[in-house]
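Visitor: Before we discuss this model, may I ask that every descriptive term be justified by a value and a criterion?
Guide: Certainly; let us place the model in view and proceed term by term.

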Amino acid sequence: MSALSELCDEIARCQLCGIARYRTRAVPGEGPEDAAIMFVGEAPGWHEDQQGRPFVGPAGKYLEQLLASINLTRQQVYITNVIKTRPPENRDPLPAETQNCRRWLERQIEIIRPRMIVTLGRYSMAMFFPGKSISKVHGTAQKRDGIIYFAMYHPAAALHQQSLRQVIEADMLKIPALLAENKAVAETEPEPQQLSMFEE
Ligand code: URA
């Protein structure tokens, strides 16, 4: 069994939060163990809880369309969430739940070692861009320890708010160039370097 499958089993057995009692299935995440890009959403919803898979409801369909706009399929990227259990009534995750689940996301990142982490929505952004506001930080990237962090609005927000659609679609289109620039630097420059496209 791969390290990632073992980790997903461990996540599925986790009982650290009270909400574990109410879930149908945990939703650890899915995608290749060597994915170059990891998308991190907020929390599973009803559909995800039923199937044990991330982004399989309407927001997931839209995420698939966004991926197609940069010639990617969901099978080529790793998709997960900040918290791995559906909060009852789809309420926002509590700080204690985010804190408990953080260890899982960190271990997923250690195993997959993606070149790029794309945060979807406020909760995910807050983990990697602490203290920032999504309206300011969306569409911008930071590079730390060889990983590009790129913030986007949540696809569900764009589904409900027409004005965000153009924004999220334009932000998605920035991903290939960021990834290509990071790859080029990683292959030619062993030393850490500030990339021209990234914010300080
Ligand atoms: N919204 C999320 O943030 N994650 C999912 O998996 C589905 C919807």
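Visitor: Where does Arg113 lie?
Guide: In this predicted model, Arg113 belongs to the loop between helix H4 (95-112) and strand S3 (116-120).

Visitor: Why is Arg113 called exposed?
Guide: The relative accessible area of Arg113 is 66%. The term exposed requires a value over 50%, so Arg113 is exposed.

Visitor: What makes the phi of Arg113 worth mentioning?
Guide: Phi of Arg113 is near 45 degrees, a positive value in a residue other than glycine. Most residues other than glycine have a negative phi.

Visitor: Which residue has a positive phi of about 60 degrees although it is not a glycine?
Guide: That description applies to Asn71, which is located in the loop between helix H3 (58-68) and strand S2 (78-81).

Visitor: How do you know whether Asn71 is buried or exposed?
Guide: Asn71 has a relative accessible area of 70%. The cut-off for exposed is over 50%, and Asn71 is therefore exposed.

Visitor: What makes Ala43 partly exposed?
Guide: Its relative accessible area is 22%. Buried would require a value under 20% and exposed a value over 50%, so Ala43, at 22%, is partly exposed. Ala43 lies in the loop between S1 and helix H2 (46-51).

Visitor: Which residues does Ala43 contact, leaving aside its neighbours within four places in sequence?
Guide: They are Asn81, Ile83, Thr85, Pro87 and Pro93. In addition, the C-alpha atoms of Ala43 and Arg86 are 6.0 Å apart in space, with their positions 43 residues apart in sequence.

Visitor: Why is Glu33 called partly exposed?
Guide: Glu33 has a relative accessible area of 30%. Because this is neither under 20% nor over 50%, the term partly exposed applies to Glu33. Glu33 is found in the loop between helix H1 (3-13) and strand S1 (37-41). Beyond residues up to four places away in sequence, Glu33 touches Ser2, Ala3, Leu4, Ile111 and Ile112. From Glu33 to Glu97, 64 residues away in sequence, the C-alpha to C-alpha distance is 25 Å.

Visitor: How is Arg102 classified by its relative accessible area?
Guide: Arg102, in helix H4, has a value of 31% and is partly exposed. Arg102 and Cys17 are 85 residues apart in sequence, and their C-alpha atoms are 12 Å apart.

Visitor: How do you know whether Ile117 is buried or exposed?
Guide: The relative accessible area of Ile117 is 0%. Buried means under 20%, so Ile117 is buried. Ile117 has its place in strand S3.

Visitor: Which residues does Ile117 touch, not counting those up to four places away in sequence?
Guide: Ile117 touches Met38, Val40, Ile109, Phe128, Ile147, Ile148, Tyr149 and Phe150. The C-alpha atoms of Ile117 and Phe150 are separated by 6.2 Å, although their positions lie 33 residues apart along the chain.

Visitor: How many aromatic pairs does the structure hold?
Guide: The structure holds one aromatic pair. Its members are Phe128 and Tyr149, whose ring centres are 5.3 Å apart and whose planes meet at 25 degrees.

Visitor: Why is the pair of Phe128 and Tyr149 called stacked?
Guide: Centres within 6.5 Å count as a pair, and planes under 30 degrees apart count as stacked. With 5.3 Å and 25 degrees, Phe128 and Tyr149 therefore form a stacked pair.

Visitor: What does the pair tie together?
Guide: Phe128 lies in helix H5 (residues 122-128) and Tyr149 in strand S5 (residues 147-152), so the pair ties together parts that are 21 residues apart in sequence. Both Phe128 and Tyr149 are buried.

Visitor: What makes the chain as a whole agree with a compact globule?
Guide: For 200 residues, a compact globule would have a radius of gyration near 16 Å; the chain has 16 Å, so the two agree. The C-alpha trace spans about 50 × 40 × 30 Å along its principal axes, and 49% of the 200 residues are buried.

Visitor: How many helices and strands does the chain have?
Guide: The chain has nine helices and five strands.

Technical notes: Residues are numbered from 1 along each chain as its sequence is written. This is a predicted model: local features need pLDDT of at least 70, side-chain atom pairs count only at pLDDT 80 or more; totals for chains, interfaces and linings use all residues. Side-chain values use heavy atoms; hydrogens and water are left out. Helices (H or I, at least four residues) and strands (E, at least two) are DSSP runs, numbered from the N terminus. The radius of gyration is taken over C-alpha atoms; the globule rule is 2.2 Å times the number of residues to the power 0.38. Buried means under 20% relative accessible area, exposed over 50%, partly exposed in between (1.4 Å probe, protein chains only). Rings of Phe, Tyr and Trp (its six-membered ring) pair if their centres lie within 6.5 Å; planes under 30 degrees apart count as stacked, over 60 as edge-to-face and the rest as tilted. Contact means heavy atoms within 4.5 Å.
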